[in-house]
Amino acid sequence: MRLAIDHHSTYNFSQPQARVVQLLRVTPNDYAAQTVIDWRIDVDCDARLRTGYDGYGNTTTMLYVDGPIEHIAITVRGEVLTEDMAGIVKGIDEPLPPLFYTRTTPLTAPDPTIAAHARSVGSSDRLERAHALNALVGSSIAIHGGRTAGALPAEILARGSGSVKDAAHLLVAVGHAAGYPARIVSGHSLHGPDRGTRQSAHYWAELYVERLGWVGLDPCSGFSPDESYVRVAVGLDGSDVTPVSGMRKGGGIEELDVGVFVGQSQD
């Protein structure tokens, strides 16, 4: 499948800013299931862009803007050729071993409630159990689009609802409780919960299965990512994969408006 991505981030400041620095994690890498055909980042003001990689192997772009500046619009557009690999991640450089992803953060740490939830799924086959855990998370909470307030896994489970990022965090926590190295993934989906509307970034999880490798699992769909997904960044939790983050030098209030449009290219 050939997918077209159109990602817009617009910043408005109530007072002129002396300097703005942004870290962008918006550029996907090639691997067995996807090939980037075209990708570009445009900014509506004089800016310096510097491309690099973070410790997880994600492509990053540092954006520097010198003020005074009251408005910044960042547009990311590209096309990616995708293939259904049943969620299996192959052909990509992994700078960190799976053992690293046994680490937890407050957003992905299992507590006794999460551990008991994970124990409710039993299977000797690690791949089957990973899929069962994914289905368990998807059936345990109502998943909605939009942003998250950064709730802890136990809070998400007790509330019975959460954003796509909340669901991904919950699956990572459940995966940890079940003994899997686990991590969060940011990217795009043609059929996410915001389908038919202006979307935000999509999030899911990957669990490491011995002798197979990393396997993507999406609680929103209950299945592994297929050719309708574009995988962008991985990390221990959502703070490691946020598409746009940064700092500014100047007072006043910052307003951020984000829109992501995903479609199937006709070319």
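**Close-up views of helix α1 and the nonpolar cores**

**View 1. Helix α1 and its buried residues.** In helix α1 (residues 112-119; helices are DSSP runs of H or I, at least four residues, numbered from the N terminus), the residues I114, H117 and A118 are buried, where buried means under 20% relative accessible area and exposed over 50%, with a 1.4 Å probe and protein chains only. Seen down the axis of α1, these buried residues fall within an arc of 100°, taken from the directions from the helix axis to the C-beta atoms, so they line one face of the helix. The face turned away from this buried side carries the exposed residues P112 and R119. This is a predicted model, in which local features need pLDDT of at least 70 and side-chain atom pairs count only at pLDDT 80 or more, while totals for chains, interfaces and linings use all residues. Residues are numbered from 1 along each chain as its sequence is written, and side-chain values use heavy atoms, with hydrogens and water left out.

**View 2. Surroundings of α1.** The buried residues of α1 pack against α2 (126-140), α3 (153-159) and α4, with contact meaning heavy atoms within 4.5 Å.

**View 3. The largest nonpolar core.** This core, a set of buried Ala, Val, Leu, Ile, Met, Phe, Trp, Tyr and Cys residues joined through side-chain atoms within 4.5 Å, has 55 residues, and those with the most contacts inside it are I72, I74, L133, L170 and L207. Its largest share, eight residues, comes from helix α4 (residues 164-177). A second, separate core of twelve residues includes Y56, Y101, V185 and V234.

Note on methods: Helix = DSSP H or I, 4+ residues; strand = E, 2+ residues; numbered from the N terminus.
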